[in-house]
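Me: I would like to go through this model slowly and ask how each label is earned. Could you set the values against the definitions as we go?

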Amino acid sequence: PAPPLLLPAVEVRADAATTALREACAAAVADMLQIRPEDVVVVADGASPGERFGAGDVGDLRGFGVDVTLRFDGRMVPGGRTVPPAHALGAWLLDQAGFQGTRVGVGPADLGRLVGDLPTPLGILAMGDGSARRSVKAPGYLDEAAAPFDAGVAQALSSGDAAALAGLDPDEGRRLLAAGVPVWRAVGCALAGRTVTTGRLHHDAAPFGVGYLAASWVVA
């Protein structure tokens with residue numbers, strides 16, 4: 001998930017729900033880094049087709065009320081591009097985990113080609129939220145279809161079902177304000193024909209009316 005509240009500076013006051021989410025995301029990233037990838041692809045919405053983020057690029061969360069700048073890869077340099085918030089939060093998670101390798105940021109449309117171009121072992125850090133219509137106080141108000149939709153995604157993540165992710169309905173995802181659907185579909189398509197040897201669902205909750213799912217896969 002990529003809620004701005006992942007960053008403690010945005011949250012300001014500690015909350016048990018966001019603390020649990022942060023711990024789950026950290027656990028998922030730690031699982032990914034156990035394969036010792038030299039490169040990690042951060043895939044999230046917000047990048048244009050063909051656009052790649054890398055060394056020197058930066059993200060900021062000023063749009064969320066905090067004057068915080070986050071480096072994407074390496075030190076910040078003058079003239080670096082501004083990465084979307086979800087990519088910046090992905091980079092922050094990698095920083096917290098101590099990842100020292102190369103990072104490449106892309107949008108969903110470019111994940112498949114990049115997976116084919118980069119050497120293995122390769123890490124993929126996919127950032128995206130579930131439905132924002134899980135309760136009456138949710139950003140999109142309550143839709144009774146939201147919880148079952150997110151439950152289907154959770155089942156696919158826990159069982160390592162890449163085909164189920166690839167087959168998610170994009171129209172239903174948009175209707176339910178499930179921002180992660182394009183990213184999940186891209187991951188499913190990029191891993192078509194591969195075997196998920198280990199699938200772990202670390203988190204499945206909607207404390208603010210938005211579905212937050214954190215999982216890790218090891219793929220043969």
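Me: What makes helix 8 (residues 181-190) count as largely enclosed by the rest of the structure?

Reply: This is a predicted model, in which local features need pLDDT of at least 70 and side-chain atom pairs count only at pLDDT 80 or more, while totals for chains, interfaces and linings use all residues. Residues are numbered from 1 along each chain as its sequence is written, and side-chain values use heavy atoms, with hydrogens and water left out. A residue is buried under 20% relative accessible area, exposed over 50% and partly exposed in between (1.4 Å probe, protein chains only). In helix 8, 7 of the 10 residues are buried, so the helix is largely enclosed by the rest of the structure; among them are Val181, Trp184 and Val187. Helices (H or I, at least four residues) and strands (E, at least two) are DSSP runs, numbered from the N terminus.

Me: Why is the contact between Arg71 and Asp95 called a salt bridge?

Reply: The term asks for a side-chain nitrogen of Lys or Arg within 4 Å of a carboxyl oxygen of Asp or Glu. The side chains of Arg71 and Asp95 meet at 3.0 Å, N to O, so the pair satisfies that rule. Arg71 lies in strand 3 (residues 69-71) and Asp95 in helix 3 (residues 85-97), so this salt bridge ties together parts that are 24 residues apart in sequence.

Me: How do you know whether Asp67 and its partner Arg62 are exposed or partly exposed?

Reply: Asp67 has 67% relative accessibility and therefore counts as exposed, whereas Arg62, with a relative accessible area of 48%, is partly exposed. Their closest N and O atoms are 3.3 Å apart, and the two form a salt bridge.

Me: What makes the pair Arg133 and Asp143 a salt bridge, and are these residues buried or exposed?

Reply: The closest N and O atoms of Arg133 and Asp143 are 3.9 Å apart, so the pair falls within the cut-off. Both Arg133 and Asp143 are buried, and they are linked with Glu172 and Arg175 in a network of salt bridges.

Me: Which class of residue dominates the lining of the largest pocket?

Reply: The lining has 25 nonpolar, 4 polar and 2 charged residues, where Ala, Val, Leu, Ile, Met, Phe, Trp, Tyr, Cys and Pro count as nonpolar, Asp, Glu, Lys and Arg as charged, and the others, Gly among them, as polar. Strand 7 (212-219) supplies the largest share of this lining, 7 residues.
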